[in-house]
Amino acid sequence: MRIYTQEPLAPHATVELKDPQFNHIVRVMRKKVGDHLVLFNGEGGEYPAIISDIGKRSLTVILHAHIAIDRSAPFDVHLIQSFAKFDKMDFVFQKAVELGVNRITPFMSEHSSFKLNDSDKQEKKLSHWQGILESACEQSGLNKVPMLTPFASLKNIKSLLLDRPYLILSPTAEYSLGHWIKNHQTEHAFGIIIGPEGGFSEAELAWLSSQDNCHPVTLGPRILRTETAALSVISSLHALLGDWA
């Protein structure tokens, strides 16, 4: 059982875990003294550990030697995902992490089915998604939690588009994703910009396509759902350049 914690970790150290880890380990998974865990804190590698004590509201584990293992994808992906219904966003973020995405930015577009303009609601939603990212890392064996960027909009997204090529899915694009990748095989960092359930507006698509680092590509003539699109691109990258190549 793998557990993410923000506590500092070191070989042979003793670490106290409280909620939510305590509740999950003791009350949900029914772990007992002497059971084994694996801890990681996002700084790289992981620590096998053993439960040494269980109290009423916390448990104590003793760490073993650090294992310097990295299961990250062989490329760096920044996903900019247009805001969709909550369950769809949860699904996309969870599966994107399992596929090795490195950074996620929720994007408020004109046709997004939900609008979160209240800063308190945005903070609560970001906290919820952070938990999903951490849980996905626990499940998938990743030892580095992806960065979750605060909500973006068309007005401030431009500053995010300067560090790498960004791919925009469009069924009418001139080049397929495979064709584009074959001509950019030296690239090891990619961005993916995914539209909402209603698609990008004409103005948004025109603006994005005009940016130097943005490249419209197609996965075929079919229109994919927003929760399918990002996962299809990341999976294609794995098939063409990554773990599945």
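This section describes the domain arrangement and the aromatic pairs of a predicted model.

The chain is divided into two parts, with domain 1 covering residues 2–63 and domain 2 covering residues 76–241. The C-alpha centres of domain 1 and domain 2 lie 33 Å apart, and the contact between these domains draws on ten residues from domain 1 and eight residues from domain 2. Together, domain 1 and domain 2 bury about 740 Å² between them, of which 50% is on carbon and sulfur atoms. On the side of domain 1, the residues that lose the most area to domain 2 are Arg2, Tyr4 and Phe40, which together account for 64% of what that side buries. With regard to polar interactions, zero salt bridges are counted between domain 1 and domain 2, whereas six residue pairs in polar contact, with both residues at pLDDT 80 or more, are found across the interface. Among the secondary-structure elements, β1 gives the most to the side of domain 1 that touches domain 2, contributing three residues.

The aromatic side chains were examined next. The count comes to six aromatic pairs, and one of them joins Tyr4 and Phe40 in a tilted arrangement, with 5.5 Å from centre to centre and 55° between the planes. Because Tyr4 lies in strand β1 (residues 2–4) and Phe40 in strand β3 (residues 36–40), this pair ties together parts that are 36 residues apart in sequence. Tyr4 counts as buried at 11% relative accessibility, and Phe40 is likewise buried, with a relative accessible area of 0%. Tyr4 and Phe40 thus appear both as partners in an aromatic pair and, alongside Arg2, among the residues of domain 1 that lose the most area to domain 2.

A further aromatic pair is formed by Trp180 and Phe190, for which the geometry is edge-to-face, with 6.2 Å from centre to centre and 70° between the planes. This pair links distant parts of the chain, with Trp180 in helix α4 (residues 177–182) and Phe190 in strand β11 (residues 189–194), ten residues apart. Trp180 is buried, having a relative accessible area of 6%, and Phe190 is buried as well, at 0%; both values fall under the 20% below which a residue counts as buried. Trp180 and Phe190 also belong to one aromatic cluster, in which Phe75 is the additional member.

How values were computed
Residues numbered from 1 in each chain as written. Heavy atoms only, no water. Phe/Tyr/Trp six-rings, centres within 6.5 Å; stacked < 30°, edge-to-face > 60°. Helix = DSSP H or I, 4+ residues; strand = E, 2+ residues; numbered from the N terminus. Buried < 20%, exposed > 50% of the residue type's maximum accessible area, 1.4 Å probe, protein only. Domains from an automatic or database assignment. Contact = heavy atoms within 4.5 Å. Buried area = accessible area lost by both parts, 1.4 Å probe. Salt bridge = Lys/Arg side-chain N within 4 Å of Asp/Glu carboxyl O. Polar contact = N/O pair within 3.5 Å; in protein donor to acceptor, adjacent residues only side chain to side chain.
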